[in-house]
Amino acid sequence: MPSSVVNKYLYFPETEILRIIYQSGAVYDYLKVPSEIFERFKTVQSKGRFLNYVIKPKFKYKKIE
């Protein structure tokens with residue numbers, strides 16, 4: 001299902017980085033996200049809600065220029 005918030009996402013298991021490319025074009029890396037959380041993220045219907053309630057409060061992130 002398309003997301004109104006997330007345009008695309010990538011996961012790098014070797015570094016546990018979840019990269020989110022937002023619909024706005026902004027790109028953020030969420031750090032030390034375990035693969036179990038990523039697997040849940042892939043299956044949820046609302047990616048934006050999952051980001052806001054599960055990922056953003058628990059994991060550090062940085063904006064990618």
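**Hairpin, core and aromatic rings**

In this predicted model, E16 takes a positive phi near 55° in the hairpin of β1 and β2, which has four residues between the strands.

Visitor: In β2, which residue is the bridge partner of Y9?

Guide: The strands β1 and β2 run antiparallel and are joined by six bridges. One residue of β2 is paired in this way with Y9, and that partner is I20.

Visitor: Which element gives the most to the largest nonpolar core?

Guide: This core has 16 residues, and those with the most contacts inside it include L18, I20, Y30 and F41. Two or more residues come from each of β1 (6–12), β2 (17–22), α1 (35–43) and α2 (47–58). The element that gives the most, with four residues, is α2.

Visitor: Are the rings of Y11 and F38 stacked or edge-to-face?

Guide: The ring centres of Y11 and F38 lie 4.5 Å apart, and the planes are at 10°. Planes under 30 degrees apart count as stacked. The pair of Y11 and F38 is therefore stacked.

Visitor: Is F38 buried or exposed?

Guide: F38 lies in helix α1, 27 residues apart from its ring partner Y11 in strand β1. Buried means under 20% relative accessible area. The relative accessibility of F38 is 9%, so this residue counts as buried.

Visitor: The charged end of which residue sits over the ring of F41?

Guide: F41 belongs to one aromatic cluster with Y9, Y11, F38 and F50. At 0% relative accessibility, F41 counts as buried. The charged end over its ring, 5.4 Å from the centre, is that of K47.

Key. Residues numbered from 1 in each chain as written. Predicted model: local features only at pLDDT ≥ 70, side-chain atom pairs only at ≥ 80, totals over all residues. Heavy atoms only, no water. Core = buried A, V, L, I, M, F, W, Y, C linked by side-chain atoms within 4.5 Å. Buried < 20%, exposed > 50% of the residue type's maximum accessible area, 1.4 Å probe, protein only. Pairing = 2+ DSSP bridges. Phe/Tyr/Trp six-rings, centres within 6.5 Å; stacked < 30°, edge-to-face > 60°. Lys NZ or Arg CZ within 6 Å of the ring centre and 35° of its normal.
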